[in-house]
Protein chains: 2
Amino acid sequence: MQATTVTAAAPLAQVQIRLGERSYPIAIGTALLDNPATWSALPRAATALIVTNTTVAPLYAQRLQAALAGRYGVIHTVVLPDGEEFKTWATLNLIFDALLQHGSDRKTVLFALGGGVVGDMTGFAAASYMRGVPFVQVPTTLLAQVDSSVGGKTAINHPLGKNMIGAFYQPQLVVCDLDTLQTLPARELSAGLAEIIKYGPIADMAFFGWIEANLPALLAREPAKLAHAVKRSCEIKARVVAQDERDVGLRAMLNFGHTFGHAIEAGLGYGAWLHGEGVGCGMVMAATLSQRLGLVDEAFVQRLTALIRSAGLPVQGPKLASTDNAGRYLELMRVDKKAEAGEIRFVVIAAPGSAALRSAPDALVRAVVDACCA
Amino acid sequence: MQATTVTAAAPLAQVQIRLGERSYPIAIGTALLDNPATWSALPRAATALIVTNTTVAPLYAQRLQAALAGRYGVIHTVVLPDGEEFKTWATLNLIFDALLQHGSDRKTVLFALGGGVVGDMTGFAAASYMRGVPFVQVPTTLLAQVDSSVGGKTAINHPLGKNMIGAFYQPQLVVCDLDTLQTLPARELSAGLAEIIKYGPIADMAFFGWIEANLPALLAREPAKLAHAVKRSCEIKARVVAQDERDVGLRAMLNFGHTFGHAIEAGLGYGAWLHGEGVGCGMVMAATLSQRLGLVDEAFVQRLTALIRSAGLPVQGPKLASTDNAGRYLELMRVDKKAEAGEIRFVVIAAPGSAALRSAPDALVRAVVDACCA
C-alpha cells in the first residue's frame, strides 16, 4: 500500500490579520480551492454548509465540496439568488432554514463561496446562528477579495438603507483563489479595481503609481500582478482595521468614495450599479469635494479620474432626480450609517496618500454633485 | 432663583458585571424608573428609542420617557405586540423600521422596557442596527430581572427552534425597578421564581433554604426580599458568565431544567406555557434524571419539586404527542442549541448545589418523561 502524499497549498502571498484572539490568515494564490491542504488548519466539525449563489455554484461548489470532503462528515450546499437586491432578510433566512433543516450544531462551519453579497450574508448568518458559529470566506470576485476579506463587516440591507443590519464578525480563514477571477465578468473586475485604486489616495501613493503602471496586466488578469494588488490592499486595510476594529474612528477613511457611492446605489435602486462602480464614481466626487475645500489640486483629481476611467469605471454621477438632483444626493447621504445626527461626514483627501473626515456646507456639496453629474 | 436638587437614585442593591470593557452595573431597587439620577451615567446622544410592548407601554413608557427627557433630544417609543409568539423577525423589523424612519444614528441608545421577549429582541436589534448601538435593559418582569439582566444573550426564534438567531451583546446598564413587579400577573411572578429557585440546586443550597423560608414574602412581593432574591441570582449568574461569556463550557449549567423546558415550550407551541413554567417543570424532570443516574436521592427530588409546586409552577410535564410522547420529547431535545451532533447534553445535579453535563441513554430519558408526564 502506497502512502498518499497531500501537496501543501503554496499561496503566492499571505496576510495575517492581527485582532487578538480573533486573528486569522488570508491566503492568496492559484489552485488553492481544490487543494485539501488549503483547509487543513480549520476546526473539525460534524457538518459544514457551503453558501453560494446561482452564478458561482455551477463553477466552484462541487470542487470546494470535494476538497472539504475529508474534513466534515456531511457537507450541504445552499444556493442563493445572485445580486445585491437579494441581500435581504428573506434570503438570509434561506441559510438559517438550511442550517436548521440539517440539524446543524454550534460547531458547524459555514463557507461563503462567492462575492461580497454572499460573504456579507454568510458572515451575518454565522454571527447570528445560535449566536455564532465559525465561518470561512472564499471570495470569488476581486472586490470581495480586497474588501470583504478584511474587517469582519457583515450585513444585510434594509429597504431604508444599505448594510443597516449586521455584525462585526471575523472569519477563521480567508482563501483568495485568483483562478476564480478568470471567470469574472469584465464589469466586476473593474468594480474590484475601484477598491484597490482607493488605497492609493488614502494611504499609499507609491501603490497608486504601481497600479497605474500595471493596469493593463491587471485587466489581463495576470495572477502575479493580481496577487500583489490583493495583498497590498489587504495589508493596508488590515493596518487600519487593527487600530479600529469596531469602526469608531480611523476606519472611516476606508470609506473614501463610499458616501457618494452609497447614495448612487440607493438612489438608483440596489443592483443597478455595482458597489465598486458607485465607489469609483464616488471617489471622483469626493476628490472633487477635496479640491473645492482647497486640500488637493486639480491635477490630482484629474490623475485619479483618469485611472478610474481607464479601469473601466464610470466617472460621471447618474441623475437621481429630475428636478433637484443634488438635493436627492444630500437626502440619501444624510441617512447613511456614517452620518451623525443628520450631519454628513465626508472622507476627503487631505493630501495625496492621506485621508481625513470633514463636514461640508450643503451649497458646496450641491456644487460638487452638479459638476460631477451628467 | 433656587438651585434644583436632583435626588440621587438609591438602589437597594447593586451588582457589577465584570466583562472587561463590556462591564456594566445592575441597579436593583424601588422608585428607580422615574428618577433622572438613575440614568445619569449613560452616554449622551441625540436620540433614544424606548422599545416596549402593548402591556407595559400604558404602565411605564411615559414615565420612563419623562425621566430620560433631559438626556436625549428626541425620544421615540415603539410598541411591540406582547408574547413569545411575536419573538420573530417580523416583530424585530418593527424596531429597525422605527430606528430608520427616525434617522437614528450609531449613537442612538435603545431602552428595552418590558420582559424577556422585549429584552431579547431589543438587545438583538441593538447588536445588529448599524452593527451595534448602545442599549439599556429595564426589565419589568421577575424572570427578566434575574435572567436577561446578566449574560448578554439576545435572540429571536425561528420556526424550527427557539432563540436560534441572535448575538452575545452586553447592555450599558440594567435597572431592575422592583415597583414594576407590583403590576405583574401572579403567573409571571411564579415563572420568575423558577429561575431564582434554579440557582439553589446548581450553585447555592443555602440560598435554596433562604427561598424556602421566604417564599410567602416573595409571593407577597415584599421589595426587600425581592431585592435579595434578584441580587443573589444575578451574582451567581454573573460569576458563571464572567468565566464563560461565549457559552462554551461552564455556562451550560445555567440551563438546568431548560432542555426539557424548551421541548415543552416548542412542543406546545411558543406562548402556551411561559418560559419559567417550562423551566420549573423541566427542573423536576432533570432532577428525576439525576436521581435515576444515581447522583441525588429521592428526598432531594421531592424537596425541589415541593418548592417548585409551592411557587405556583407546574411540576408535571404535558403530553406532547398522543402515541409516542417520550419520543416527541427526545426529538425536540435533539434540535436544541445545546445538542452536539444530535447528542443531547443534559444539565444534571451532581450533588445538591453542584451541576454537571451528562448524556443519557434514550431508554432512561424515556422512563423519566413517562414518570414525569400526566
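**Figure 1. B:Phe346 in strand E10 of chain B.** In this predicted model, B:Phe346 belongs to strand E10 of chain B. Is this residue buried or exposed? With a relative accessible area of 3%, B:Phe346 is buried, because the cut-off for that label is under 20%. Its partners beyond four places in sequence are B:Thr259, B:Phe260, B:Leu289, B:Met333, B:Ala356, B:Leu357, B:Arg358, B:Ala360 and B:Val365. One of these, B:Thr259, is 87 residues away along the chain, yet the two C-alpha atoms are separated by 6.8 Å.

**Figure 2. Helix H11 of chain B and the elements around it.** Helix H11 covers residues 325-334 of chain B, and seven of its 10 residues are buried, so the helix is largely enclosed by the rest of the structure. If you would like to pick them out, the buried residues are B:Asn325, B:Ala326, B:Gly327, B:Tyr329, B:Leu330, B:Leu332 and B:Met333. Which elements do the buried residues of H11(B) pack against? They meet helix H8 (258-268), helix H9 (275-292), strand E10 (346-351) and helix H12 (362-372) of chain B. This view links back to the previous one, since B:Met333 is among the residues that B:Phe346 touches.

**Figure 3. B:Gln137 in strand E6 of chain B.** B:Gln137 sits in strand E6, which runs over residues 135-139 of chain B. A relative accessibility of 6% places B:Gln137 in the buried class. Which residues does B:Gln137 contact, once neighbours within four places in sequence are left aside? They are B:Ala112, B:Gly119, B:Ser148, B:Pro171, B:Leu173, B:Val174 and B:Val175. For a sense of scale, B:Leu68 is 69 residues from B:Gln137 in sequence, and their C-alpha atoms are 14 Å apart in space.

**Figure 4. B:Asp105 in a loop of chain B.** Look for B:Asp105 in the loop between helix H2 (89-101) and strand E5 (109-114) of chain B. Although B:Asp105 lies in a loop, its relative accessibility is 7% and it counts as buried. The C-alpha atom of B:Asp105 is separated by 8.0 Å from that of B:Thr47, a residue 58 positions away along the chain.

**Figure 5. A:Tyr129 and its contact with the other chain.** Turning to chain A, A:Tyr129 is found in the loop between helix H3 (116-128) and strand E6 (135-139). A:Tyr129 counts as buried, at 0% relative accessibility. Where do its contacts lie, neighbours within four places in sequence aside? In chain A they are A:Phe96, A:Leu99, A:Leu100, A:Ser104 and A:Asp105, and from chain B there is B:Met164. A:Asp297, at 168 residues along the chain from A:Tyr129, has its C-alpha atom 49 Å from that of A:Tyr129.

**Figure 6. Positive phi values at A:Asn163 and A:Arg221.** Most residues other than glycine have a negative phi. A:Asn163 has a phi near 50°, a positive value, and A:Arg221 also has a positive phi, near 60°. What are the settings of these two residues? A:Asn163 is part of strand E8 (residues 161-168) of chain A, whereas A:Arg221 is in the loop between helix H6 (205-219) and helix H7 (223-243) of chain A. A:Asn163 is buried at 10% relative accessibility, and A:Arg221 is buried too, with a relative accessible area of 13%.

**Figure 7. Chain A as the setting for the views of A:Tyr129, A:Asn163 and A:Arg221.** Chain A holds 12 helices and 11 strands. Its radius of gyration is 20 Å, close to the 21 Å from the globule rule for 374 residues, so chain A is as compact as a globular protein of that length. The C-alpha trace extends about 75 × 40 × 35 Å along its principal axes. Of the 374 residues, 60% are buried. Among contacts in chain A with a separation of 6 or more, 75% join residues 24 or more positions apart. The exposed area is about 13,400 Å², of which carbon and sulfur atoms supply 53%. Chain A carries 32 positive and 31 negative charges, whose mean positions are 4 Å apart.

**Figure 8. Residues 78-190 of chain A.** The unreviewed UniProt entry gives this span the feature "domain: 3-dehydroquinate synthase N-terminal". The span is 32% helix and 29% strand, and its end C-alpha atoms lie 28 Å apart.

Conventions:
Residues numbered from 1 in each chain as written. Chains lettered and ligands numbered in written order. Predicted model: local features only at pLDDT ≥ 70, side-chain atom pairs only at ≥ 80, totals over all residues. Heavy atoms only, no water. UniProt positions renumbered as here; feature names shortened; annotations may be inferred. Helix = DSSP H or I, 4+ residues; strand = E, 2+ residues; numbered from the N terminus. Buried < 20%, exposed > 50% of the residue type's maximum accessible area, 1.4 Å probe, protein only. Contact = heavy atoms within 4.5 Å. Rg over C-alpha atoms; globule rule 2.2 N^0.38 Å. Areas by Shrake-Rupley, 256 points an atom, 1.4 Å probe, with all protein chains shown as cover. Lys, Arg positive; Asp, Glu negative; His and termini not counted. Charge placed at Lys NZ, Arg CZ, Asp CG, Glu CD.
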